[in-house]
Amino acid sequence: NDNKKIDKFIRLESENNNISKNNIRLQIGNYKSFLIHGKSKIFEYNNWNSYLNLYHKSNLKGIYHKNNNQFNESDIYLYLKHSKRNNTFDVLFNFKKIITGYYGYDIENLPVNEVDFDDIKINNSKYSIDYGYSYSKKKISVRIENKNSFYKDLLYDEYNNIINLKLNYLFSKKLNFLVTFNNDYYHLNSFDKLKINTYNLSGLVNYNVENFYLLIGGKFNQSSKNYKGKSKNFGGLYPIVNLKYKLNNLSFNVNYGGGLFSNKYSEKIYSNPFIYDPFIFGKINNTNEKFNINTSMEYQLNNNGNIKLAFTRKTLNGFTNYTYNNAEKDNYPFPTRTPIYLYTLIRYDENTYVSQLNFSFKFPINSYINPSLDFVYRVFDHEEYKYDLDTDVLYKPLYTLNIKNEISYNKLKSNIGIHLLLDSYAMDFNSNIININDYMNLYLYSNYQLNDKISFELDINNILNKRNEFYFMYPELGFNAMAGILLKFW
């Protein structure tokens with residue numbers, strides 16, 4: 001997903017190792033900003049382990065819209081694990097909350113105090129409980145998971161239940177067989193109800209030697225959508241091929257596949273919190289990835305650097321994108337006379353073709369000079385339209401560039417870089433497609449380690465004080481600096 005993600009996902013079991021570090025980070029900054037992020041092992045007794053991850057970040061005002069520009073995000077994880085012999089049972093509890101506002105209005109000629117924050121407030125929350133069981137012995141390993149989440153905001157209630165089953169059989173050190181099953185049940189509720197039920201079954205053979213890796217197989221996907229008493233089914237068979245080959249310092253990778261992937265309301269909100277559409281039901285459904293090929297070539301340099309070139313081509317049916325919700329412009333749901341820019345989704349039932357070219361390198365020279373670059377060129381083409389600028393390309397920059405340099409000197413470590421989003425288009429209040437200002441974030445992060453347990457941090461963004469809008473009409477903070485301390489316990 002190329003969108004900016006707000007949520008921070010922590011996976012179960014083996015992928016959850018980062019949570020076990022015992023530390024707490026505290027920062028404060030301008031715009032009444034505050035950050036607390038703590039990770040801690042709560043207890044370890046016999047075969048039991050428990051970890052807690054607490055995250056909260058907020059700014060209570062902004063540069064253009066004062067307190068209407070505030071953003072508050074909280075994320076709490078509690079992880080429990082019991083292991084004995086070949087068996088492991090784990091549970092992950094999560095609570096996520098975001099409070100911000102629909103502050104996408106033009107401040108020119110706006111009367112003072114025309115818009116009150118309580119009138120445009122966004123308040124959403126998500127609870128989830130995931131539990132799993134793992135068994136491994138000799139040549140067989142099994143993993144079963146059940147994930148449940150409950151989401152609520154001003155317009156919708158959402159429930160999602162996912163069941164995963166994974167069975168791996170090791171024929172030899174070089175060859176293994178893998179079977180996976182997934183059932184994803186999704187329910188969106190408001191004045192209407194939407195239900196989507198998706199099944200996935202995969203069979204894969206994996207062959208792996210020193211310089212060669214081959215994964216080959218296929219998967220069967222089936223999905224049904226039920227809305228207003230009508231049911232729609234679709235799916236199919238999709239091949240899976242993943243080939244890797246390494247020759248000295250040069251490696252090649254080819255990945256071919258496809259399948260159904262979900263488009264869920266809460267996921268769209270966490271990608272863009274400024275979506276407002278009471279009639280979004282018809283735009284939520286799985287996307288059929290008919291074709292997806294990823295190829296890459298990487299050369300490993302002798303000084304721990306690398307150069308990588310990658311190309312991706314996708315054919316999507318049911319592609320979704322953000323667009324201006326002009327249906328609400330004459331009927332704003334807020335007690336204000338000020339026009340507010342609201343987003344909705346647009347869905348294409350015809351094919352959409354996505355091509356992406358990536359070039360990156362990392363070239364460390366010494367402890368002072370460790371530059372890296374990541375460049376992305378991305379093109380969207382919808383077969384229904386024969387000209388370049390239509391709603392399938394809105395809010396998606398043609399070019400993305402991130403350049404940074406890492407500096408290390410004694411106890412000081414710093415990153416300085418620039419993040420650019422170039423050649424982007426949006427729809428204005430009159431539904432005209434316009435070219436918007438480039439996004440430019442010059443940033444600096446520094447960490448000074450006083451001793452093994454105490455470090456001081458400085459995090460500065462938007463050093464040039466640009467009016468950056470990742471979401472059109474919703475400016476981010478101007479020059480913002482946060483300073484604080486990182487404490488490590490044991």
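Is Arg25 buried, partly exposed or exposed? Select Arg25 and take a look: this residue counts as partly exposed, because its relative accessibility is 21%. Keep in mind as you click around that this is a predicted model.

**Stop 1: the partner of Arg25.** Now add Glu457 to your selection. The two side chains meet in a salt bridge, 2.7 Å from N to O. This pair ties together distant parts of the chain, with Arg25 in strand E1 and Glu457 in strand E23, 432 residues apart. Glu457 has just 3% relative accessibility, so it counts as buried.

**Stop 2: a salt-bridge network.** Next, pick Asp90 and Arg143. Their closest N and O atoms are 3.0 Å apart, forming another salt bridge. Asp90 sits in strand E5 and Arg143 in strand E7, 53 residues apart. Both of these residues are buried. Add Glu145 and Lys147 to see a network of salt bridges that links them with Asp90 and Arg143. In total, the count for this model is 12 salt bridges.

**Stop 3: Asn72.** Head over to strand E4, where you'll find Asn72. Asn72 counts as buried because its relative accessibility is 14%. Show the side chain of Gln70 too: a polar contact of 3.1 Å joins it to the side chain of Asn72. Residues that Asn72 touches include Lys57, Leu60 and Ile98.

**Stop 4: a nonpolar patch.** Finally, switch to a surface view and select the nonpolar patch, which includes Tyr245, Phe311 and Phe359. Together, its residues have about 930 Å² of accessible area. Strand E15 gives the largest share, three residues. Phe359 belongs to strand E16, and at 34% relative accessibility it counts as partly exposed.

Definitions and conventions: Residues are numbered from 1 along each chain as its sequence is written. This is a predicted model: local features need pLDDT of at least 70, side-chain atom pairs count only at pLDDT 80 or more; totals for chains, interfaces and linings use all residues. Side-chain values use heavy atoms; hydrogens and water are left out. Patches are made of residues with over 30% relative accessible area and no salt bridge: like charges are joined within 9 Å, nonpolar side chains (Val, Leu, Ile, Met, Phe, Trp, Tyr) within 5 Å. Accessible areas come from the Shrake-Rupley method with a 1.4 Å probe; for residues, only the protein chains shown count as cover. A salt bridge is a side-chain nitrogen of Lys or Arg within 4 Å of a carboxyl oxygen of Asp or Glu. Helices (H or I, at least four residues) and strands (E, at least two) are DSSP runs, numbered from the N terminus. Buried means under 20% relative accessible area, exposed over 50%, partly exposed in between (1.4 Å probe, protein chains only). A polar contact is a pair of N or O atoms within 3.5 Å; within protein, one must be able to donate a hydrogen and the other to accept it, and residues adjacent in sequence count only if both atoms are side-chain atoms. Contact means heavy atoms within 4.5 Å. Lists of a residue's contacts leave out its neighbours within four places in sequence.
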